[in-house]
Amino acid sequence: MDDRDAPGTEGMPRAATAIAVVAWGTAVLAVVLSVVARPPLDEGLWFLLVDVTVACVYGTVAAVILSRRRHPVPWLLALAAVGGGLAALGFGYRALAAARPGLPPLEALGALQGLAWVPGTLALFLVVPWLVRDHPLGRAVWGVVAGSALITLFLLAQVMVAEWAFSALVAAIVVLGLVTAGAVEVRHRRGPVAERNGLGWLALGTAVLALSFLPLALPWGLVAIPVWFTPVLHLASQAVYPAAVLVAVLRGRMWGLQLAVSRTVLAGLMTVALTTTYVVVTWLVTLVVPGAGFGQLVGAAVVAVAVQPARIALERRVHRLVHGAAATPEHVVRRLGSHLSVEGSADSLLNGLAADVGTAMRLESVTLRTPGVDHVLWGMPSGAPTVVPLRHRGEEVGTMEVTLPGGESLGATGERTLADLGNVVATAVAVTRAAREVEDARQRLARARLEERRVIRREIHDGLGPSLAGLRLGLRGARNLLDTDPAAAAELLGTLQDELDQRVDDVRTLSHSLLPPVLDELGLGAALEELAARHAEDGLTVRLHLDHGEVADPMLAAAAYGIVGEALVNVSRHSGASECTVRTDSSSGSLVVTVSDPGRGIGADARAGVGSRAMRERAEEQGGRLDIRSAPGAGTVVEAVLPVGVPSRA
């Protein structure tokens, strides 16, 4: 289970304040005592500097984390901070007691210098890196167990002055520290994306801290290592390790602390890098050209030249440390864009995009809402969402709603990144909407074709088929009468000829109703006049009031003609009226077609038939609408509004 979903993860501000006060208080008191005592310049002052730095840095980091999130890591950092402060205080009081013999010795306080720092400092690189995660430890619990065991044994060895086990324990500590650094680096490269932020720097800091104990593991006198080697490595690790822990535990959104952390880490890295460069260059030049002044001059020149390139390179990496994937939105945009080229359904595309946005931004939930489509949800929202409108080519195609874990906020960088990602998501939503429209149009077209086939089948099966069968029987009867009663045969053949002429007209009517040739040749007006003339032959008077101008789109003309044809068939079959009116008008920018009759109207319990559905589908295929108004005994009005110049959906 994610730590942030566990109960009681809201932070402990009072405990955080107490930790910061104790750590800083002991560190400041230790510095004051040391300044008053003025101890000699030896390795003790190096370790005093390390202890004071540990107390101040880790006391601050522990307080920041614990005030915002309950986690075992800040308690271990607090242990290191308080231990460093007490060790520094032990050194300061011992130095003051040596300078002023009248003070009480307080051996217990002086002993803190060699013992207080052990549990917390060793836990920094033996236990803490295993705990910086949002999922259960699993097999990594053995790393915590091994680190805790080595810390306990080392502390016992210090208390019991077991010199025989000291070197072996330190060697084991260095090995386990390097193993821990390697495990963190593996998680940084292969672990969950949401947990990678800060782990690279954490691995580096863990390795540096482990290597700082290497001189203590070597047999005394075997290798001449300067006394400042261990404390300098300790100080160098402070440039990245605390910030890496802070970023990794809080996962990048630090409630306005990003700028302070970025500048602090950058300053620390610049100091370490440039100082190291100066020392190395000065030493190398001095070996080649004797004379300290020349070497220092060259070292200073190299540092001056390296300042700007070092700042640019380190600033980019620090920005990545603090903000994670949000620091490079173009990388996330490319990743989201790759979804558009992968085959799959529209739902899988939107689900993948929502998951990528949530993972990259370390959000609690992402909800995509588009008109007419069920929303796409990643995660589970628990608070008020931040709404990002999705716009594509000036049109709002939906919204993206995101929520953050409790107490967190996006910040300026997060808002900019979310806006950049919203552009890609808007494009994806527009693509999926177009795909759905194409699929809907394909289904409507298939249904329309199926209905047309059913109409043709009904006309052939119920009308033309029986008529042809009757004609065949009639011809057989006429042949039988030719020899016995020629007059009756001739009369029967005349009747059959009339029936055949009627069937030919029916076939011609069916053909014209599907797509009359005059519609392609002379346009919509001429086709409607021919349609009115054919219905007039059947006894239905059709009055035309045509004011639609020229209809250039053949699909639009065919849709209007089909709607009028279906409406006239309904009038002749169901209305009981002997006349009707057909009007067309295009003055409003749309082609409006109206068919009205004064017949019996549509009953309240009547169900829409094939003709009504066909008219409605023809209108919708053109992006228009169909309205049928009727009242029993008051006639019926069929009105279709078809946009002019709008591409059809079919």
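Where in the helix numbering do E185 and R189 lie, and how many residues apart are they? In this predicted model, both E185 and R189 belong to helix 8, which spans residues 163–190, and they are separated by four residues, a spacing of about one turn of the helix. The two side chains form a salt bridge, in which the closest N and O atoms are 2.8 Å apart. The partners do not fall into one accessibility class: E185, with a relative accessibility of 22%, is partly exposed because its value lies above the 20% under which a residue is called buried, whereas R189, with a relative accessible area of 60%, is exposed because that value is over 50%.

The count of salt bridges in the model comes to six, and the pair in helix 8 is one example of a contact inside a single element. A second salt bridge is found between the side chains of E401 and R369, with an N to O distance of 3.1 Å. Here E401 lies in strand 4 (residues 395–403) and R369 lies in strand 1 (residues 365–370), so the salt bridge ties together parts of the chain that are 32 residues apart in sequence. As for the surroundings of these two residues, E401 has a relative accessibility of 16% and is therefore buried, since this value is under 20%, while R369, at 36%, is partly exposed because its value falls between the limits of 20% and 50%.

A further salt bridge joins D627 to R629, and in this case the closest N and O atoms are 2.9 Å apart. Both residues are classed as partly exposed, D627 with a relative accessibility of 27% and R629 with a relative accessibility of 38%. The description of this region does not end with the pair, as D627, R629 and E639 are linked in a network of salt bridges.

Attention may finally be turned to T386, a residue placed in strand 3, which covers residues 386–392. With a relative accessible area of 36%, T386 is partly exposed, because this value is neither under 20% nor over 50%. The position of T386 can also be described relative to M400, from which T386 is separated by 14 residues in sequence and by 8.2 Å in space, taken from C-alpha to C-alpha.

Key: Residues are numbered from 1 along each chain as its sequence is written. This is a predicted model: local features need pLDDT of at least 70, side-chain atom pairs count only at pLDDT 80 or more; totals for chains, interfaces and linings use all residues. Side-chain values use heavy atoms; hydrogens and water are left out. A salt bridge is a side-chain nitrogen of Lys or Arg within 4 Å of a carboxyl oxygen of Asp or Glu. Helices (H or I, at least four residues) and strands (E, at least two) are DSSP runs, numbered from the N terminus. Buried means under 20% relative accessible area, exposed over 50%, partly exposed in between (1.4 Å probe, protein chains only).
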